[in-house]
Amino acid sequence: MVILDLFSGAGGLSEGFFRTNSTFVGHVEADKNAANTLRTRTAYWKLKNEDKLDIYNDYLLKNISREELWNYADVANSNDVINTFIGDDTFDDITKKIKQNLKNKKIKNVDLIIGGPPCQAYSVVGRARMKDAVTCDPRNFLYKYYIRFLETFKPKMFIFENVPGMMSAANGKHFNDIKIAIEKAGYHMELQELSASDYGVLQDRKRIIIVGWKKDKRQKYYSYPKFETIEKKYLVQEALDDLPKTKPDKMIEGKGKYRTKTNQYLIDSNIREEGFDILTQHETRMHNERDLEIYKEAIIAWTENKKRLCYKELASRRPELITHKNITSFTNRFNVVKSDMQASHTVLAHIAMDGHYYIHPDITQLRSLSVREAARLQSFPDNFYFEGPRSSQFRQIGNAVPPKMAEQIAKKIKEII
C-alpha cells in the first residue's frame, strides 16, 4: 500500500502499516520532537529492509549520533517526514513535497490516507479543562485539511482516528460537519468505537476508527471491516516483569540490563523479540517523600482490598499527607497500574505532567511508570526510540494509537485494497 500519514504524532498508527510492508510518501507532523521520532523510526525500517540493523542498534547504544543514523538511512533531508503545521499557509507546500516524493519513488497514486487531527478539543477531559475556550479552538477544524488532502490525492480509502468524545463535541455538530464534508469529497464512511484491549494491547483504550471508501457506482454497499481480534490471555504484569527494578529519578539503559529473558506476551505483541538485549529509556521521574507515602497507601489499598485510594478518605486517615484544600474534587487522582488484570487503565498524554495516575504496582520500587513501561502498555516495541526530553516522550506515547492495534487494522485494510 502507498500511504500518506497526516497528524502523525510519534507514529503509532503508521507503525502498524510499516509492518505490512507499506510505502509512505509522507508523514506530516507539527511537533518537532515527534517528527524527529518519526525520522528515527523511518531510519529503523529502511535499515531493517536493507538488513543493516546493526547500524540502528549502534544508535540505541549511543555509539553513533542521531545525525549519523539519519545520514546512513538517507532520511536527514528527505520529504518522508514533513515537520510543519497543517494550515492555509502551508497546505500547498506540503502537497508539493508529497507529489515530489511520489515522483522520486516512481509511484503514481496514494492508496490510503491515515491519521487523526489532535484530539484535545474533542476529548471530554480536554473540553472540561479548556471550558469556554474550546468552542473557538482552531483544532476543532483541522479535519477540513484532512478533507482537502482527500480531494487532492483521491486515495482508494482512508482511516480517520480520534477519541470517542469527537461524537459528542459541540453536541455532535463537529462530527456531523465531518460526515457531511467527507460525503461532499466523494467518500462514504463507516465507523465503530474499538477497544485496544481486543487487539493484543494490555490497556483499556477506546478510539473511534472511521473507515472511508472512495465512492464507486459499481460498489453499492460498503461494510465496516471486521478487524481480527486477539484472545485475551495475558496479564499487565507480563508487559513489565522483565524490566529491571528501579527507583524515582533514575535512568537504566544499555545491553544486559533486562532482568529475565523475554516472555510469550512480549514476543506475540512484537514488543521484545527473542535475543533482543538493548534496553532504552527506562527512565523515571522524581517524586517527593509525601507523594511516595501516598503511593504506598495506594498500592496497599489495591493489593490488599482491590480498592482504589480515595483522596477524601486519605485526608481523614493521614491528614499530614494532604496538600490540597479541596478534597472533594479529583478524589481519584492517584491510580495504580493493575498488574493482575488483563488491561491497564488508559495511558493519556497527561502522563507527561503527572505520574500520580500511573503508579507502578511494585511497592518495593515505589514510583510512577518509566517511559519504557508506558510505551510497553501502548504496545510500542523496545527498539522504538522516542526523541526529545522525557516530558515530550511521555506525551508522544500518550497521544499515540497502540501499534499492535494499528497492525490489526493495517492487515485488514491491505486485504481490502
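Asp 242 is buried, at a relative accessible area of 0%, where buried means under 20%, exposed over 50% and partly exposed anything in between, using a 1.4 Å probe and protein chains only. Its salt-bridge partner, Arg 272, is buried as well, with a relative accessible area of 6%. The closest N and O atoms of Arg 272 and Asp 242 are 2.7 Å apart. A salt bridge here is a side-chain nitrogen of Lys or Arg within 4 Å of a carboxyl oxygen of Asp or Glu. The pair links distant parts of the chain, 30 residues apart: Arg 272 sits in the loop between helix H9 (264-268) and E9, and Asp 242 in the loop between strand E7 (206-214) and strand E8 (251-255). Helices (H or I, at least four residues) and strands (E, at least two) are DSSP runs, numbered from the N terminus.

A word on ground rules: this is a predicted model, so local features need pLDDT of at least 70 and side-chain atom pairs count only at pLDDT 80 or more, while totals for chains, interfaces and linings use all residues. Residues are numbered from 1 along each chain as its sequence is written, and side-chain values use heavy atoms, with hydrogens and water left out.

Back to the charges. Side chains of opposite charge can pair when their charged atoms come close. This structure holds 33 salt bridges. Here are three of them:

| Pair | N to O distance |
|---|---|
| Arg 272 and Asp 242 | 2.7 Å |
| Asp 88 and Arg 148 | 3.5 Å |
| Lys 296 and Glu 293 | 3.5 Å |

Take the pair made by Asp 88 and Arg 148. Asp 88 is in the loop between E3 and H5 and Arg 148 in helix H7 (residues 143-153), so this bridge ties together parts that are 60 residues apart in sequence. Asp 88 is exposed, with 60% relative accessible area, and Arg 148 is partly exposed at 30%.

The Lys 296 and Glu 293 pair is a local affair: the two are 3 residues apart in helix H10 (residues 289-305), which means they are separated by about one helical turn. Both ends get some exposure, with Lys 296 partly exposed at 31% and Glu 293 partly exposed at 25%. There's also a network, where salt bridges that share partners join Glu 15, Arg 19, Arg 41, Lys 404, Glu 407 and Lys 411.

Now for the sheet. It is an open one, built from 7 strands in the order E3-E2-E1-E4-E5-E7-E6, with mixed pairing; two strands pair if DSSP finds at least two bridges between them. At the edges are strand E3 (81-83) and strand E6 (187-195), each pairing on one side only. From one strand to the next, the twist averages 15 degrees. Strand E2 (residues 23-29) and E3 run parallel and are joined by 3 bridges. In E3, Val 81 is the bridge partner of His 27. Helix H5 (residues 91-104) packs on the sheet, touching strand E1 (2-6), E2 and E3, and its direction makes about 160 degrees with that of E2. Axes are lines fitted to C-alpha atoms, for helices over the stretch in contact, and angles run from 0 to 180 degrees between N-to-C directions.

What about the greasy parts? The largest nonpolar core has 46 residues, and those with the most contacts inside it are Phe 17, Leu 69, Leu 112, Ile 159, Val 211 and Ile 413. Such a core is a set of buried Ala, Val, Leu, Ile, Met, Phe, Trp, Tyr and Cys residues joined through side-chain atoms within 4.5 Å. Helix H14 (residues 403-416) gives the most to this core, with 5 residues. Leaving aside neighbours within four places in sequence, Ile 413 is in contact (heavy atoms within 4.5 Å) with Met 1, Phe 17, Leu 112, Met 157, Ile 159, Val 211, Pro 225 and Phe 227. Apart from this core lies another, of 34 residues, including Ile 82, Ile 94, Ile 98 and Val 110.

Helix H13 (residues 390-399) has its own buried set: Ser 392, Gln 393, Phe 394, Gln 396, Ile 397 and Gly 398. Their cover includes helix H2 (32-49), strand E9 (278-283) and helix H12 (371-377).

Finally, some backbone oddities. Most residues other than glycine have a negative phi. Asp 51, though not a glycine, has a positive phi of about 60 degrees. Asp 51 lies in the loop between H2 and helix H3 (53-60) and is exposed, at 72% relative accessible area. Asp 249 also has a positive phi of about 60 degrees without being a glycine. Asp 249 belongs to the loop between E7 and E8 and is partly exposed at 46%.
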